[in-house]
Structures are given as C-alpha cells and as structure tokens.
Amino acid sequence: MIRRATRSGATAAATLCLLAAAAAGTAGAAPLQPSAIDYVALGDSAAAGPLLPDQDMSAPGCLRSRDNYPAVVAAALGATLTDVTCSSARTTHITDTRQGTFAGAVPPQLDALGPDTDLVTVTIGANDFNLFSTALSCTNPLPQPTGTSCRDKFTAGGRNQQRDLIRDWAPTWGAMLDKIRERAPHAEIAVVGYGTYLRPGGCPAQQPIWPQDADYLQSVMADANEAMAAEAARRDIRFIDIRQATAGHDICAGATEAHYAGLVPAEPAVPLHPTVLGMQAIGAHVAGELR
C-alpha cells in the first residue's frame, strides 16, 4: 500500500469535515477523497524506453518514452507522474551530477523529489558496471570455436570481473537510496530490478550469443538484482523482482511475445532493452506489487 505524504491542507480539511459532521449529528458523512498519488520515476534506459514510440520531447536527449513502465504504473494507480528517467544514466546522475545528453545537460534526477512525493520507483545500475558494452562483447555471429567466449574472458584466472564490479558498486548504490529517502521522507520507495533477457542456454540459432555466454550474461543480471535487493533490504525498502514476470519473453521469443529487443531488433527499440510489450508487462507487474 502506498503511503501518501501528509499535507497540512488535507489534514485541516479532514478536521473541518469531522467537526461539521459531529455538529450536524450525521453518522454517514462522505469520507474525504484521497489526493492523487504524487509519483516520481527515476532511472536509466531500462525505465526510460529509448526509441519506443511517443518519445517525450520535453527532454529529447533522455530518449524517454511516454509509454514506458512508469507511465503504465501511473495509469494503473491513478498517479500523477513526474518522469525524469534518462537513457545512459548512472547512479551519480540520480544523486548529484548533471547528465550530459545530445540535447544538453539535465539536472540530477533527485531534484524531482520533495516532501510531498508519495511514490518513487528507481531502476539504475547497468551503466555503472557497463552491462551494454559487456553484452556487445559477448556477440559471436559465427558458431564455436570461431570467436572468443566473453564468459571465459570475464572469468579468467578464477575471478569474475563483472561480479567484482557489482560488489564494489553496491555501497554507492545503497547510498543513493539513502539520499532518495532524505529527499522524499514520506514516500514509498520501490526498486525495480532488471529482468530475464536470456533463457538458459540462449538461442544461438536466433541471437548471436553462444550458450555459455548467454548464461553468463544473465548471471550478471542476477548478481546485480541480488546486490540491489540486499541494499534495499538493509533500508527496509521494497525490491520488485521482474525476472519471473519477463521469463519466457526474452530476446529469443517471437516479436509478438518478446519483452526485450534482440541484438537485431524486430521493432523500434534499442537492443537488449524493453519493447513496448515489455514495458506494458513490467508496468503491470510493478503496479500489482504496489497495490
């Protein structure tokens, strides 16, 4: 259940209504209508929806769709949405650093929060540990053994480089949650994780990723989700895991079922990012968890 921020005007109005009802001796006075949920969405391209239809021209450099998962959540909850998600954002772009885009710099996303904020969703982190470039390095258009396995590359010498990056990044990410709570002390904060991009073994006949590399890439997402969930749990903040909601709808699925675009997208979308269908599914799942 979303906790609405306490507003002095609403409190005063409620008091007046109660006094009036008592004076009139009425037992069935109509309750106050709750104010609209003030919802702020923070995050990177997994939340923004680059290249998806109906791009938000108020901040064109953020490549943000008006039909992304925050928009779906807002519609489902009847919330008033302030969406400051921005493609290519890193954790520091949430907290204190202006983000440069091709259309000019945008303020730190935290600036959108305030004491009247009721709900915050945040999806951030993949750019901090360079997920997209890692994924591109895992592509192999030719069958084995022609090429190089990214799993072997990133786990050489018994060290999992991506896992180490995520482990080192997690405290900074947790500190970001602290700052969100400071800016929006009354808000329900929900961390929305990353989904199921690849099924076990992948689909090398359809997408140019070897089976072991597909499993490695999805394991990186699992490591990120676990790190985020742990940091959120330490702060009694909700973590919404969307992996099950997107399972079976990965980049191997057909165009009418895929929640994520393949390396060669079948529709307007950035590779390895949510499709329109994916945004709808993720948004519906998140809204269901928040009700």
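## A tour from the central sheet outwards

Begin by selecting strand 3, where Leu119, Thr121 and Thr123 point one way and Val120 and Val122 point the other, every one of these residues being buried. The model on screen is a predicted one, and this strand is a useful place to start reading it. Because 5 of the 5 residues of strand 3 are buried, the strand is largely enclosed by the rest of the structure.

Now widen the selection to the sheet, which is open, has 5 strands in the order 2-1-3-4-5 and shows parallel pairing. Its edges are strand 2 (79–83) and strand 5 (238–240), each of which pairs on one side only. From one strand to the next the twist averages 25 degrees. With the sheet still displayed, add helix 10 (residues 276–290), which packs on it by touching strand 3 (119–123), strand 4 (188–192) and strand 5, and whose direction makes about 150 degrees with that of strand 5.

The pairings can then be followed one at a time. Strand 1 and strand 3 are parallel and share 5 bridges, and a residue pair to select here is Leu42 with Val122 of strand 3, which stand opposite each other. Strand 3 is joined to strand 4 by 4 bridges, again in the parallel sense, and Val120 stands opposite Ile189 of strand 4. Towards strand 2, strand 1 (residues 37–43) runs parallel and is joined by 5 bridges, with Asp38 having Thr80 as its bridge partner in strand 2.

Next, select helix 3 (residues 69–77), whose buried residues are Tyr69, Pro70, Ala71, Val73, Ala74 and Leu77. These buried residues pack against strand 1, helix 2 (45–48), strand 2, strand 3, strand 4 and helix 10. Just after helix 3, look at the backbone of Gly78, which takes a positive phi of about 70 degrees.

Move on to helix 7 (residues 161–183), and place a distance between its end C-alpha atoms: they are 34 Å apart, which agrees with the 33 Å that its 23 residues should span at 1.5 Å a residue. Within helix 7 there is nevertheless a kink of about 35 degrees at Ala170, shortly before the proline Pro171. The buried residues of helix 7 include Trp169, Ala170, Trp173, Gly174 and Leu177.

Where does Glu231 lie? Glu231 lies in helix 8 (residues 211–234), and its relative accessible area of 9% falls under the 20% limit, so Glu231 counts as buried. Leaving out residues up to four places away in sequence, Glu231 touches Ala170, Pro171, Trp173, Gly174 and Leu177, so displaying these residues together with the kink at Ala170 brings two stops of the tour into one view. The C-alpha atoms of Glu231 and Ala175 are separated by 8.9 Å, although the two residues are 56 residues apart along the chain. The side chain of Glu231 also makes polar contacts with the side chains of Arg234, at 2.8 Å, and Arg235, at 2.9 Å.

Finish at Asp250, in the loop between helix 9 (243–246) and helix 10. Is Asp250 buried or exposed? With a relative accessible area of 1%, Asp250 is buried. Its side chain makes a polar contact of 3.0 Å with the side chain of Arg199, while a polar atom of the Asp250 side chain lies 2.7 Å from the backbone nitrogen of Cys252. Neighbours within four places in sequence aside, Asp250 is in contact with Thr196, Tyr197, Leu198, Arg199, Ala258 and Tyr260.

Methods: Residues are numbered from 1 along each chain as its sequence is written. This is a predicted model: local features need pLDDT of at least 70, side-chain atom pairs count only at pLDDT 80 or more; totals for chains, interfaces and linings use all residues. Side-chain values use heavy atoms; hydrogens and water are left out. The expected span of a helix is 1.5 Å times one less than its number of residues. The bend at a residue is the angle between axes fitted to the seven residues ending there and the seven starting there. Buried means under 20% relative accessible area, exposed over 50%, partly exposed in between (1.4 Å probe, protein chains only). Two strands pair if DSSP finds at least two bridges between them. Axes are lines fitted to C-alpha atoms, for helices over the stretch in contact, and angles run from 0 to 180 degrees between N-to-C directions. Contact means heavy atoms within 4.5 Å. A polar contact is a pair of N or O atoms within 3.5 Å; within protein, one must be able to donate a hydrogen and the other to accept it, and residues adjacent in sequence count only if both atoms are side-chain atoms.
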